[in-house]
Every structure is written in C-alpha cells, then in structure tokens.
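Biologist: I am new to this structure and would like to learn how to read its features. Could you take me through them in turn?

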Amino acid sequence: MEYAAIRHFADKRYCYAMAKGHFLIRLEVKKGDAAKVILHTQDKYLPIRYMDTRKAQPMEIACSDNYLDYYEAEVEIDMVCLRYFFEIEDHEGKTVYYGNHNFYDQCITSIDRMYDCPQTLREEERFELPAWAENKVIYQIFPSRFAADEDVPEETWYQAPIDSKADLKGSLRGIIRHFDHIRNLGVDILYMTPIFRSDSVHKYNIHDYYQIDPAFGDREDLKELVKLAHENGMYVILDGVFNHTGIDFFAFRDIREKQEKSAYLDWYYIQSFPLVMEWGKRPSYKTFSYAGYMPKVNLDNPETADYFINVGAYWIRECDIDGWRLDVADEIGHRFWKRFRREMKAVKKDVLVVGEIWHYAGDFLEGDEWDSVMNYPFYDSVVDLVAREETFPSDFLGSRNFVKGNLNKGLEGYLWNFIDSHDTARFLHSAGNDIRKQKLAAAMQLLLPGMPMIYYGDEVGMEGGPDPDCRRGMLWEESRQNRECLEYYRRLIRIRHDYPGLTKGKLVKEYADDGRGILYMERGWEGGSLILIFHVREEEIVLPGLEGRQNLVTGQGFSGTLGDYEAAVLADF
C-alpha cells in the first residue's frame with residue numbers, strides 16, 4: 001500500500017455538508033491499492049464511558065481516475081463536532097489506520113489523532129446551487145453572427161472563411177426573430193457573448209457597460225428577449241467582461257488624456273508613461289494577453305470593484321437576467337469573486353455565476369465564489385478522443401473522474417460541457433468534417449450529467465476553423481443545413497429531458513474498453529436501468545447480451561451491434 005498516495009483534508013473538498021445533518025466524507029487512495037476502506041466516526045465531546053457514539057461504515061469507490069480511487073461515504077450527524085478516521089485494508093490483508101494525517105498500526109482511540117468536523121461551521125459554508133440550472137441544456141450565441149433583423153446579402157452572410165471584422169448585422173431582434181429555432185431545438189438556457197457597447201465585432205473590449213451596443217439594439221430589445229425566454233420556460237445568461245475594458249472606457253480614456261494626472265490610475269495596472277499602445281509592441285500596462293486594446297482593470301481597488309459589482313447587479317435588476325458567464329475569470333482575485341457572488345445572490349438568490357477557466361478550477365468552486373465553470377477538461381478529452389483519435393476511452397474516463405473526484409459532489413450537474421465555442425475551432429473542423437464524429441461528440445455532451453453547451457450552428461453541421469473562422473454566420477437556409485444532424489440533436493435533447501435517470505440516476509457500473517473503443521455506463525433509475533454506450537472507433541462491434549432492449553437513440557430494439565462512431569441508450573424499465 002502506497003501511503004504517500006493516501007490523502008484527506010478536513011476541508012470543504014473532502015468533508016462537507018450536503019444538507020443539514022447530512023455530510024459527505026471523501027478519501028483518496030492509489031488506484032487498486034485498497035481492498036476495503038471503513039470510515040470510523042464518533043462524537044468529539046461525549047466520552048465513550050457516558051455514551052458510546054462510535055460508528056463504522058464501509059466507504060465505496062465513487063469514481064477512479066488514471067491514478068487514484070476516490071472513496072466516499074455519506075453520514076448523518078447531529079452533534080457539535082464529529083471526529084473520524086479511516087481503516088484501510090490492502091489485498092494482502094494488512095490493515096492501517098489513518099487519522100489527522102498520520103498512519104497507525106492499531107485502531108485509533110484518541111480523539112486527538114482523528115480528523116475534526118465542526119457541524120455548524122460546515123453547514124454554514126454549504127455549497128448552495130441554483131436548482132433550476134442543474135443539468136440544463138445551454139445554447140451559446142455570438143450575437144453579431146447569429147441572426148440579423150434586416151436583409152443581408154448571401155455573399156456577405158455566408159462568407160467563409162470569415163475574418164474578425166466582418167459586419168454581418170447580427171442583432172438582438174434577429175435572435176428574437178429566430179427564437180422558434182432555439183425553442184424547437186429544446187434547449188433550456190440562452191447564453192450570449194458580450195452585448196455591451198464596443199467598437200469590435202466580438203465586444204470583449206467594452207466601452208460602456210451600461211449601454212447595449214447600438215448595432216445589437218437597445219435595453220428594450222434585451223428585456224423583450226428575456227421576457228420571451230422566460231415565457232417559454234427558458235433562461236438568459238450574459239457575458240461579464242470584468243477582467244479588462246476597452247481603451248475608450250471612461251476611466252482608461254481619462255488616463256490616455258491626462259496621463260500621470262488622471263484620477264483613475266488605480267483602476268488599471270499602469271507601468272510607465274507615455275502609454276505604449278502600438279500594435280506589435282508590448283503595452284506599458286497590464287492587458288488581457290498582450291492585447292493593448294484590452295487593458296486589465298485592478299479589481300483590488302475598491303472603487304473599481306464597486307463599479308463592476310454595480311454593473312453585475314444592474315442588469316439583473318433592470319432586465320431580469322438569470323446569470324453571468326465571467327470572462328477570463330481565473331485572472332481575477334478570489335476576494336472580488338467572493339464579494340461578487342454575495343452581492344449578485346442578494347439581488348437574485350438563484351442567479352447563476354459561471355467562470356471561464358481553461359483548466360481545473362477547484363479553488364474557485366468551494367461554494368463561496370462561482371457556481372460552475374466552462375468545462376475545458378471535458379472539451380479537451382472529447383476532441384482528443386473523438387475528433388483527433390489521439391487518446392483512448394480510459395483517458396476520457398480518467399480525466400472526467402479526476403474532475404468528479406476533486407469537486408463537490410453537487411457540481412456534477414452544473415459543469416458546462418462543450419465540444420467547441422467562439423474561442424475554439426468548430427468540432428466538425430477538428431474532426432476533418434466527419435459528421436459521424438460530430439454526432440458522437442454531441443451524444444457524449446448531451447447524454448452525460450452536466451450542463452451541455454451547444455455552440456450555435458453545431459446542430460446544423462456548421463464548419464469553421466480556429467478563431468475568428470469559428471464565428472461564421474449561422475446557416476439559416478435549409479439547403480445549407482445538415483437536417484439529419486439537426487434532427488439528431490433534437491432527439492438527444494428530448495431523450496435527456498424525458499429520461500432524467502441519465503443525469504440523476506445512480507451510477508451502477510462504468511468501464512472503458514480501449515481495445516474495442518467503448519465507453520460503457522449504467523445508471524439505475526426508478527426500478528430499472530439506463531445503459532449508455534459510446535463507440536469511438538471506425539468499425540462495427542458486437543455487444544452480446546444486450547439485444548432486444550429499446551435503443552432510445554434509434555427508437556428501435558437494439559440489434560446487439562454498434563457501427564462507426566455510434567452511441568446507444570438502452571432502456572430497461
């Protein structure tokens with residue numbers, strides 16, 4: 001048994017309240033090392049001679065990544081403080097006891113050698129997530145390229161490849177005009193990239209956070225769109241660009257004009273004067289990346305923080321939006337995000353706060369900052385496995401379970417699972433225009449727990465290379481759409497909505513067969529089961545023993561075989 005791999009901290013990641021009196025405790029052990037793990041608990045303040053509160057319960061493997069098994073147990077407690085330790089037995093029958101970061105050969109009896117869990121403290125810092133958002137399907141729109149409310153010549157709208165400055169006249173009224181497409185797709189949430197005043201197509205260099213860009217419309221248009229969404233049981237999330245502004249934002253404009261004498265010097269990270277803003281030269285102030293037209297704001301400055309907190313609250317109050325997706329959020333300090341969460345939730349208790357981060361985000365997801373993240377580990381895993389065929393099913397499962405094993409259990413249904421976005425090449429492009437791979441990736445996205453995010457146009461087979469070519473005009477002419485792909489997306493979303501066991505059911509079994517290119521997952525639900533099978537290779541395979549079950553994807557009985565890059569959902573109720 002490798003002791004160095006055994007890991008537990010009595011903190012919000014390994015020991016936390018799921019509800020009042022209901023706690024989850026987690027232990028990491030080297031993969032395959034343990035034959036049995038038992039959790040021992042007792043009351044800290046009641047001596048055994050007066051009342052024996054000791055309990056022992058087996059822990060189960062919740063998931064495994066490529067290196068670790070994540071053992072979990074759920075306990076019911078009603079006490080001031082819980083003390084606990086672990087009993088770990090290896091496959092040769094040797095037992096070790098682990099408490100307060102030390103190992104013992106004998107069963108631990110001293111509470112000072114146990115881990116400590118104050119019940120009230122953990123309950124007060126419980127991760128409370130907006131119930132409405134769990135496992136909902138998101139539709140991402142790049143407003144300038146999605147739909148216009150005026151006639152645009154075909155040669156302009158459908159230009160490909162497209163550059164970063166092409167003006168396709170997309171607008172909020174264009175989205176309203178094509179709202180039936182979004183509704184008929186079956187999605188639950190509409191997420192738009194920035195819509196505030198800016199001189200770019202992408203609007204990530206904002207000049208005025210209190211004004212809708214005139215090219216997109218006005219405040220009344222946004223209100224109408226939000227109202228339309230709400231009337232149809234949908235939600236609206238806006239893009240919050242609080243890491244940086246545009247150079248014509250009032251505070252930076254004042255610095256440009258007054259240099260060292262500006263009253264707004266502390267709003268940014270100015271390194272020297274005169275300002276260096278020329279293309280091809282490193283700016284003399286901090287920016288997003290090294291883009292001089294996107295100066296980074298100093299949110300550690302109270303005045304700056306107040307401004308952006310007020311912006312976030314304003315649009316919730318003014319237009320009743322349901323959440324913020326936060327751009328470049330991992331480059332902003334925890335102190336600001338803790339305040340942002342408190343103040344947004346004070347305006348609207350169930351508002352959704354989602355950060356953009358391109359890697360593991362555990363330190364932002366402890367219940368006092370973000371509700372979720374854009375799940376880049378999912379994106380990377382699907383692209384590597386399906387589009388590029390550079391990895392194996394076990395790699396996908398390992399990556400997915402690393403995230404699952406290291407985050408709060410409640411977050412599984414909130415991670416934004418996507419296969420492409422405005423910042424990446426279209427999945428279809430990455431997959432060499434193989435629509436079979438696109439459909440398989442969509443199935444993995446739409447049939448697993450989380451919040452699947454569909455990038456506009458994927459459902460009709462849109463193509464496009466890396467940014468900016470991934471931001472082409474939406475395919476509105478039916479002759480340009482892959483209608484079979486559209487129906488496939490609609491079918492998957494219907495299945496997701498009709499069978500909540502796919503996302504909420506108890507995981508009974510999962511495995512990866514790298515030799516045959518299979519991911520297999522089985523979930524129990526309401527006395528029956530749902531089996532998900534993803535075949536990630538170009539060949540036909542036989543799956544004996546599963547014939548005759550209803551395949552929800554095809555609507556027919558399962559033949560026992562899967563073809564190239566094919567997915568199946570087998571229902572047994």
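Modeller: Let us begin with a term that pockets call for: Asp, Glu, Lys and Arg count as charged, Ala, Val, Leu, Ile, Met, Phe, Trp, Tyr, Cys and Pro as nonpolar, and the others, Gly among them, as polar. Please keep in mind throughout that this is a predicted model.

Biologist: With those classes in hand, how many residues of each class are in the lining of the second largest pocket?

Modeller: The lining of the second largest pocket has 14 charged residues, together with two nonpolar and one polar. This pocket has a volume of about 400 Å³, and of the 17 residues that line it, Arg-126, Glu-128, Arg-341, Lys-345 and Gly-367 lie nearest its centre. Helix 1 (119-124) and helix 9 each supply at least two residues of this lining, and the largest share, four residues, comes from helix 9.

Biologist: Which residues of helix 9 are buried, and which are exposed on the other side?

Modeller: For this step one needs the cut-offs, since buried means under 20% relative accessible area and exposed means over 50%. In helix 9, which runs over residues 334-347, the buried residues are Phe-336, Trp-337, Phe-340, Arg-341, Met-344 and Lys-345. They lie on the same side of helix 9 because they cover an arc of only 150° around the axis. On the other side of helix 9, Arg-335, Arg-342 and Ala-346 are exposed. The cover over the buried residues includes helix 8 (302-319), strand 16 (323-326) and strand 17 (352-355). From its first C-alpha to its last, helix 9 reaches 20 Å with its 14 residues, close to the 20 Å expected at 1.5 Å a residue.

Biologist: How much space lies in the largest pocket, and which residues lie nearest its centre?

Modeller: The general idea is that rolling a probe the size of a water molecule over the atoms shows where empty space is left. In this structure the largest pocket holds about 1,000 Å³ of space, and it is lined by 44 residues, with Ala-62, Lys-404, Lys-409, Glu-412 and Leu-507 nearest its centre. Among the elements that each supply at least two residues of this lining are strand 2 (22-30), helix 11 (393-406) and strand 21 (506-513). By class, the lining divides into 16 nonpolar, 14 polar and 14 charged residues.

Biologist: How many cavities of 30 Å³ or more does the structure hold?

Modeller: The structure holds two such cavities. About 110 Å³ of space lies in the largest cavity, and Lys-12, Arg-13, Leu-365, Glu-366 and Asn-408 are the closest to its centre among the 15 residues that line it. The lining of the largest cavity has six nonpolar, three polar and six charged residues, whereas that of the second largest cavity has eleven nonpolar, two polar and no charged residues.

Biologist: Where, finally, should I look for cis peptide bonds and for positive phi values?

Modeller: In general, most residues other than glycine have a negative phi, and most peptide bonds are trans. Here a cis peptide bond joins Phe-273 and Pro-274, with omega about -5°, and Pro-274 is found in the loop between helix 7 (250-258) and helix 8. Gln-259 lies in the loop between helix 7 and helix 8 as well, and its phi is near 55°, a positive value in a residue other than glycine. A second cis peptide bond joins Asp-467 and Pro-468, with omega about 15°. Tyr-565, though not a glycine, has a positive phi of about 45°, and at 6% relative accessibility Tyr-565 counts as buried.

Definitions and conventions: Residues numbered from 1 in each chain as written. Predicted model: local features only at pLDDT ≥ 70, side-chain atom pairs only at ≥ 80, totals over all residues. Heavy atoms only, no water. 1 Å grid on protein atoms, 1.4 Å probe; cavity = no way out; pocket = protein on both sides within 12 Å on 5 of 7 lines; lining within 4 Å. Points joined across faces, edges and corners; volume = space filled by probe spheres on them. Expected span 1.5 Å × (residues − 1). Buried < 20%, exposed > 50% of the residue type's maximum accessible area, 1.4 Å probe, protein only. Arc of directions from axis to C-beta. Contact = heavy atoms within 4.5 Å.
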